[in-house]
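Reader: Could you walk me through this structure, starting with its helical packing and then moving on to the metal site?

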Amino acid sequence: MHEWALAEAIIASASEIAEKEGLKEVKEVKIKVGELQQIELDILEFALSQLKPAKFKDAKFNIEVAKAELKCRVCGHKWIFKKEKLDESTAEAIHFVPEIAHAYIKCPKCGSPDFEILEGRGVWLESVKGVKQGDG
Ligand SMILES: [Zn+2]
């Protein structure tokens, strides 16, 4: 159900942006989803297609997964989290409970498990494109 609530929120903010920019028809909505966010993209896409209002009838929802960037609190080293390096069950555990990441991921430079997540959590709207009022 999480995905449906999210889809609603995405459409609400995209509608607001469309309104502000005077779009009469929305053609493309770009969404970014953090890699560590627990979202089933298939369900999200389906929910978006079901919930979209008339103004969005031809809209394409472009969902991109944003890489997770981590920063070590001890030595300050920054690195990009690569899920492929973990075994499958660990990756799965992190997918469902992002906090678990701290138990498995260590700084590649100094080995400290004390890091912060700079990017890779949350969901945000990258852009909303469409046809403006008065355009052909
Ligand atoms: Zn470090």
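Reader: Thanks! What covers the buried residues of α1?

Author: Happy to help, and please keep in mind that this is a predicted model. The buried residues of α1 are E3, L6, A7, I10, I11, A14 and A18. Their cover includes β1 (23-34), α2 (41-51), β2 (60-66) and β6 (123-132).

Reader: How are the buried residues of α1 placed around the axis, and what arc do they cover?

Author: An α-helix has 3.6 residues a turn, so residues three or four places apart point the same way. The buried residues of α1 are E3, L6, A7, I10, I11, A14 and A18. They lie on the same side of α1, because around the axis they cover an arc of only 135 degrees.

Reader: Which exposed residues does the face of α1 turned away from its buried side carry?

Author: Exposed here requires a relative accessible area over 50%. On the face of α1 turned away from the buried side, the residues that qualify are E8, E16, E19 and K20.

Reader: Is E3 buried or exposed, and at what relative accessibility?

Author: E3 lies in helix α1. Leaving aside neighbours within four places in sequence, E3 is in contact with Q38, I39, E40, I43, L44 and A47. The cut-off for buried is under 20%, so E3 counts as buried, its relative accessibility being 8%.

Reader: How far apart are the end C-alpha atoms of helix α1?

Author: Helix α1 (residues 2-20) has 19 residues, and at 1.5 Å a residue it should span 27 Å. The model agrees with that, since the distance between its end C-alpha atoms is 27 Å.

Reader: Now for the metal: what is the geometry of the site of the zinc ion?

Author: The protein donors are the SG atoms of C72, C75, C107 and C110, at 2.3 to 2.4 Å from the zinc ion. Ideal angles for four tetrahedral donors are 109.5 degrees. Among the four donor atoms here the angles run from 106 to 115 degrees, and the site is tetrahedral.

Reader: How many residues apart in sequence are the parts that C72 and C110 tie together?

Author: Along the chain the donors follow the spacing C-x2-C-x31-C-x2-C. C72 lies in strand β3 (residues 69-72), while C110 sits in the loop between α4 (101-104) and β5 (115-119), so this pair ties together parts whose separation in residues is 38.

Reader: Is C110 buried or partly exposed, and with what relative accessible area?

Author: C72 counts as buried, at 2% relative accessibility. C110 falls between the cut-offs of 20% and 50%, so it is partly exposed, with a relative accessible area of 40%.

Note on methods:
Residues numbered from 1 in each chain as written. Predicted model: local features only at pLDDT ≥ 70, side-chain atom pairs only at ≥ 80, totals over all residues. Heavy atoms only, no water. Donors = N, O, S within 2.8 Å, 3.2 Å for Na, K, Ca; no water. Tetrahedral: all angles 85-135°; square planar, octahedral: opposite > 155°, others 65-115°. Helix = DSSP H or I, 4+ residues; strand = E, 2+ residues; numbered from the N terminus. Buried < 20%, exposed > 50% of the residue type's maximum accessible area, 1.4 Å probe, protein only. Expected span 1.5 Å × (residues − 1). Arc of directions from axis to C-beta. Contact = heavy atoms within 4.5 Å.
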